Amino acid sequence: MVRVAVIGLDEVYRQGVFVEWESAYPARPLRQLPDGTCLIPPEWLDDLRRIAAECCSEVRVINEPQASRRDFLRRFAPKL
């Protein structure tokens, strides 16, 4: 699951994203957490960003999984 924030020009545009999402994907409920963010499966992210763009809004990923420093350095080290 990925935590995302929907950022709109104002609250009306932000709520429009949720209305459009419900209309486009009734089988995929988008639940807001108390802090205003949402937890969604990663495969929904592109669809949510597309709908947000149509509503003059954007989606920001709050906790994108990041590789550890060791994994990052392994990309440059030769395999023995």
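# A tour of the predicted model

Start with the whole protein chain in cartoon view: you'll find 3 helices and 3 strands. Trace the chain along its sequence and the pattern reads β-α-β-α-β-α. Keep in mind that this is a predicted model.

**Colour by confidence.** The chain has a mean pLDDT of 85, with 81% of its residues at 70 or more. Now select helix H3, residues 69-74: confidence is lowest here, with a mean of 67. Helix H2 sits at the other end of the scale, with the highest mean, 94. Where pLDDT is low, the predicted coordinates shouldn't be read in detail.

**Go inside.** Of the chain's 80 residues, 31% count as buried. Select Val4, Val17, Trp21, Leu30, Ile40, Leu48 and Val59: these belong to the largest nonpolar core, which has 17 residues, and they touch the most other members. E1, H1, E2 and H2 each put at least two residues into this core, and H2 gives the most, with 4. That fits a general tendency: in soluble globular proteins, nonpolar side chains tend to be buried together.

Now centre the view on Val17. Which residues is Val17 in contact with, leaving aside its neighbours within four places in sequence? Show Val6, Leu48, Ile51, Ala52, Cys55 and Ser57, and you have the list. Zoom back out for the chain-wide picture: among contacts with a separation of 6 or more, 64% are between residues 24 or more positions apart.

**Look for charged pairs.** The model has 5 salt bridges, and three of them are stops on this tour.

- Select Arg3 and Asp35. They form a salt bridge, with the closest N and O atoms 3.9 Å apart. Arg3 is in strand E1 (residues 2-8) and Asp35 is in the loop between helix H1 (11-24) and strand E2 (38-40), so this pair ties together parts that are 32 residues apart in sequence. Arg3 is partly exposed, at 25% relative accessible area, while Asp35 is exposed, at 55%.
- Next, pick Glu11 and Arg14. Here the closest N and O atoms of the salt bridge are 3.5 Å apart. Both residues lie in helix H1, and they are separated by about one helical turn because they are 3 residues apart. Is Arg14 buried or exposed? Arg14 counts as buried, at 12% relative accessibility, whereas its partner Glu11 counts as partly exposed, at 45%.
- Then move to helix H2 (residues 45-54) and select Arg50 and Glu54, which are 4 residues apart, so about one helical turn separates them. Their salt bridge has its closest N and O atoms 3.5 Å apart. Glu54 is exposed, with a relative accessible area of 54%, and Arg50 is partly exposed, with 39%.

**Finish on the outside.** Switch on the surface. The protein chain exposes about 6000 Å², and carbon and sulfur atoms supply 54% of that. Now select Leu9, Val12 and Tyr13: together they form a nonpolar patch on the surface, with about 330 Å² of accessible area. Where does Leu9 sit? Look in the loop between E1 and H1. Leu9 counts as exposed, at 62% relative accessibility.

How values were computed
Residues numbered from 1 in each chain as written. Heavy atoms only, no water. Salt bridge = Lys/Arg side-chain N within 4 Å of Asp/Glu carboxyl O. Buried < 20%, exposed > 50% of the residue type's maximum accessible area, 1.4 Å probe, protein only. pLDDT = per-residue confidence, 0-100. Contact = heavy atoms within 4.5 Å. Areas by Shrake-Rupley, 256 points an atom, 1.4 Å probe, with all protein chains shown as cover. Patch = residues over 30% accessible without salt bridge, like charges linked within 9 Å, V, L, I, M, F, W, Y side chains within 5 Å. Core = buried A, V, L, I, M, F, W, Y, C linked by side-chain atoms within 4.5 Å.
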